[in-house]
Amino acid sequence: MSVQPQPWPQPDPQIAAAIRAMYRGKREAPLAVQVRDRLGELFPDAAFADAFGRAGKPGWSPGRLALVTVLQKAANLTDRQAADEVRENLAWKYALGLSLEDPGFDHSVLSEFRSRVVTHELEERALDLLLERLRGLGLVGAGGGQRTDSTHIVAAVRDLNRLELAGESVRAALNALAAACPGWVDQVLVVEDWSRRYADRIDTWRLPTSKAKQDALALDYAKDGYTLLQAVYAHGSPAWLRELPAVQSLRIVLVQNYIRTTAGNGHIRVKRRESAEDGGDGLPPGPIRLASPYDTDARWSAKQDMFWNGYKLHVSETCHPQADGDRPARPNIITNVATTASTLPDSKALEPIHQALQRRRLLPARHYLDSGYPSAELIVGSAKTYGVALITPVLLDTSRQAKAQEGFAADDFTIDWDNQQAVCPAGKTSATWTPNIQNGVPKTVVTFAALDCIPCPFKEQCTSSRKNRRQLSLYPRELTEAIRDARNRQQTGTWQRDYALRAGVEGTIRQATHTTGLRRARYRGLPKTHLDHTTSATALNLIRLHSCWNGHPLDRANHSHLARLQLGLSA
C-alpha cells in the first residue's frame with residue numbers, strides 16, 4: 001500500500017449545491033460540513049505518509065481516513081457503519097471531497113489504517129493537527145487555566161479469575177500455535193486429547209463447584225502449560241514459535257501463579273502461589289500481574305469502591321472563569337489525553353502530561369487538579385520546570401495532633417533553616433538536626449532533648465513517645481515551605497472559589513464516556529486504546545466547536561424536574 005500526498009479535492013459542485021439547498025436559512029449544517037468549511041483540509045496526507053510506503057498499489061488518502069475515524073467517533077459508529085456513511089451520507093462526501101458516484105471503501109480499511117498508525121507511533125497526530133490549527137485561530141494557547149482528572153477504562157476482554165486465567169492462557173497458546181504452525185502441533189501433540197479440554201473457552205459455569213476439584217483443575221492447567229512450553233522450547237522445534245505473544249503470555253502467567261520445584265528423586269512438584277497474607281509464597285504486585293492472555297497491558301485496579309480490569313484515562317482541557325449567567329466566549333478545548341496502566345498513581349502521570357502540553361506549546365499558567373495528583377516535589381517542580389502553578393488541595397497534616405486538632409502539629413513549630421534548628425511552641429530549641437534518606441526521599445529528622453520535653457507542661461499535647469521527646473521529619477526546605485503555603489492558602493474562601501473551576505472536568509469525562517463510548521475500550525492493548533482516546537478527544541473538540549459556531553450554550557447543566565423544584569425552594 002502506497003501513498004502519494006496530495007491536497008484534498010474541493011467538494012463536488014453537485015453535492016455542494018444539494019447541501020446548500022438542504023441547509024439554507026436557519027437550518028444548521030451538519031458537523032462534517034462545517035468542519036470542512038471552517039477548517040478546510042484538517043488532516044493533510046503528508047502528516048500520515050510515514051505510515052505508508054512510497055511504492056506499490058495506491059491506497060485511500062490517510063488524511064481523509066483520519067477525518068473519517070474522527071467523525072466515526074463523534075457519531076459513535078462501528079467500522080461498517082462509518083464505511084456506509086462515506087458511501088451514503090452527502091455531508092461526509094462533502095467533507096471528504098468525494099464525488100456523488102464514489103463507492104467509498106471496505107470497512108476493513110479503517111482497521112488497517114489504525115494498525116498502521118499505531119505501528120508508526122502516530123496515535124496523537126490527529127489531535128496534534130487539530131490543536132495546532134486551533135492555536136493558529138486563537139482558540140487555544142499557552143497560559144490561562146487548564147484542569148485534569150482521571151477515570152477508569154474497562155478493557156475489551158472478559159474478567160477472569162485465577163483459575164480461568166490459567167486455563168485460558170493454555171488455550172490461547174494452543175490456538176496461536178495451531179494457527180501459526182498446524183503441522184508442528186499435529187506432530188508434537190495429540191490434538192484430540194488437547195481439544196477435548198481446550199476446544200471451548202474456559203468459563204466459570206463449566207468449572208467444578210467444589211474447591212478441591214477446582215484446586216486439582218488448576219494444577220492440571222499448570223501441568224498442561226508446562227508440557228506445552230517444554231515442547232515449544234525443545235531443540236527440534238522452530239525457534240520462532242517461542243516469540244508468539246500467546247506463548248510468552250502463557251510463560252508469564254505460569255511464573256506469576258505457580259511454583260515448580262524438583263524433589264530429591266527428580267520428581268517435579270507444581271503448586272499454586274498464594275498471597276503472603278494466607279501464608280503462601282506471595283503473588284506478584286498488581287502493576288506487573290497479567291489479567292488476561294489476550295490483553296497483556298490490562299491490569300486489575302481499585303479506587304475507593306471501584307474495582308475494574310483495564311486502564312486509566314487522564315483528560316486535560318482549558319477552562320475559563322466566568323461571571324454567573326455569562327456564556328463563555330469560546331469552548332473548553334481538550335488539550336491532552338493520557339492513557340496509562342490502571343495501577344499507575346495519578347501523581348506519576350502528571351509529569352508526562354506537562355511534557356505533552358509543553359510539546360504542543362499549550363502549557364497552562366494554572367493547572368487545576370484533585371488531591372490525587374500533587375506532591376511537594378510536583379508543586380515545586382512544576383513551577384520551576386514548566387512555570388505551571390498547581391491549584392490543588394494538598395493532603396493535610398496526618399499526625400495524631402493534627403487529626404485530633406488538639407496539641408501541637410508539625411506546622412506549629414518554627415523552622416530556622418539557616419541555623420538548622422527548630423523552635424517548639426513552648427520556646428524550646430531542638431537538640432539535633434539529622435539529614436537522612438527515608439524510602440528514597442531526602443528528609444531531615446529534628447529531635448528535641450528529653451530534658452526539655454519531660455518537665456514541659458505541654459508534653460501531653462505534644463508527644464506520646466516512649467522516649468519522652470518530640471521528633472519532626474521534614475522535607476527539604478523548598479518542599480516544606482511549599483506544602484505549608486499550600487495548606488494555608490486552601491483554607492481561604494478565595495482559593496476555594498477559584499478551585500471550584502476544577503469540577504467542570506467531570507462533565508467533560510461524562511461527555512466522553514457517553515458520547516463516544518470511552519468507558520469500555522474498543523480495542524486490545526494500550527497503544528490502540530490510546531489511539532481510540534486521542535481520536536475521541538479530537539471528536540469532542542469538533543463537537544464543541546460545532547456548538548460554538550451555531551451559538552449553542554456550552555457547559556449547560558441539565559436538571560430533572562425534581563432537582564429544579566429543590567433549587568427553586570432553596571432560592
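Tyr 499 counts as buried in this predicted model, with 15% relative accessibility. Its ring partner is Trp 495, and that residue is buried too, at a relative accessible area of 13%. Both sit in helix 19, which runs over residues 493-499, and they are 4 residues apart, or about one turn of the helix. The ring centres of Trp 495 and Tyr 499 are 4.9 Å apart and the planes make an angle of 10 degrees, so this is a stacked pair.

That's one slice of the aromatic picture: the structure holds 9 aromatic pairs. Take Phe 408 and Phe 458, whose ring centres lie 5.8 Å apart with the planes at 65 degrees, so the pair is edge-to-face. Here the two rings come from distant parts of the chain, 50 residues apart. Phe 408 belongs to the loop between helix 15 (400-404) and strand 9 (414-416), while Phe 458 belongs to the loop between helix 16 (450-453) and helix 17 (459-462). Phe 408 is buried at 16% relative accessible area, whereas Phe 458, at 35%, counts as partly exposed.

Here are the two pairs next to each other.

| Pair | Centre distance | Plane angle | Geometry |
|---|---|---|---|
| Trp 495 and Tyr 499 | 4.9 Å | 10 degrees | stacked |
| Phe 408 and Phe 458 | 5.8 Å | 65 degrees | edge-to-face |

Elsewhere, Trp 194, Tyr 198 and Tyr 221 come together as one aromatic cluster. Charged side chains get in on the act as well. Arg 64 has its charged end over the ring of Trp 60, 5.4 Å from the centre. Lys 443 does something along those lines with Tyr 475, lying over the face of the ring at 4.7 Å from its centre.

Right after Phe 458 comes helix 17, and Lys 459 is in that helix. What is the burial state of Lys 459? With a relative accessible area of 14%, this lysine is buried. Beyond its neighbours within four places in sequence, Lys 459 is in contact with Cys 453, Ile 454 and Asn 468.

Now for the nonpolar interior. The largest nonpolar core has 88 residues, and the members touching the most others are Phe 43, Trp 92 and Leu 542. Setting aside sequence neighbours within four places, Leu 542 has contacts with Leu 31, Val 35, Leu 39, Leu 42, Val 70 and Leu 130. Another core, of 30 residues, lies apart from it, with Trp 184, Val 185, Ala 218 and Tyr 221 among its members. Tyr 221 is the one to look for here, as it also belongs to the aromatic cluster with Trp 194 and Tyr 198. As a general point, nonpolar side chains in soluble globular proteins tend to be buried together.

Helix 21 covers residues 526-549, and its axis comes within 10 Å of the axis of helix 6 (residues 108-119), crossing at roughly 110 degrees. That makes the two helices, 6 and 21, roughly perpendicular. On the helix 6 side the meeting residues are Arg 114, Ser 115, Val 117 and Val 118, and on the helix 21 side they are Pro 527, Lys 528 and Leu 531.

Loops deserve a look too. Val 140 is in the loop between helix 7 (125-136) and strand 1 (145-154), and it counts as buried at 5% relative accessibility. The C-alpha atoms of Val 140 and Pro 331 are separated by 9.4 Å, though the residues are 191 apart along the chain. Outside its sequence neighbours within four places, Val 140 is in contact with residues including Leu 131, Thr 318, Arg 330, Ile 333 and Leu 362.

Two other loop residues stand out for their backbone. Most residues other than glycine have a negative phi. Glu 121, not a glycine, has a positive phi of about 55 degrees; it is in the loop between helix 6 and helix 7 and is exposed, with a relative accessible area of 67%. Gln 420 also has a positive phi of about 55 degrees without being a glycine. Gln 420 is in the loop between strand 9 and strand 10 (421-423) and is partly exposed at 48%.

Zooming out, the chain has 22 helices and 13 strands, and its C-alpha trace spans about 95 × 85 × 50 Å along the principal axes. Of its 571 residues, 46% count as buried. Among contacts with a separation of 6 or more, 70% are between residues 24 or more positions apart.

Technical notes:
Residues are numbered from 1 along each chain as its sequence is written. This is a predicted model: local features need pLDDT of at least 70, side-chain atom pairs count only at pLDDT 80 or more; totals for chains, interfaces and linings use all residues. Side-chain values use heavy atoms; hydrogens and water are left out. Rings of Phe, Tyr and Trp (its six-membered ring) pair if their centres lie within 6.5 Å; planes under 30 degrees apart count as stacked, over 60 as edge-to-face and the rest as tilted. Buried means under 20% relative accessible area, exposed over 50%, partly exposed in between (1.4 Å probe, protein chains only). A charge sits over a ring if NZ of Lys or CZ of Arg is within 6 Å of the ring centre and within 35 degrees of the ring normal. A nonpolar core is a set of buried Ala, Val, Leu, Ile, Met, Phe, Trp, Tyr and Cys residues joined through side-chain atoms within 4.5 Å. Contact means heavy atoms within 4.5 Å. Axes are lines fitted to C-alpha atoms, for helices over the stretch in contact, and angles run from 0 to 180 degrees between N-to-C directions. Angles under 35 degrees count as roughly parallel, over 145 as roughly antiparallel, 65 to 115 as roughly perpendicular and the rest as oblique.
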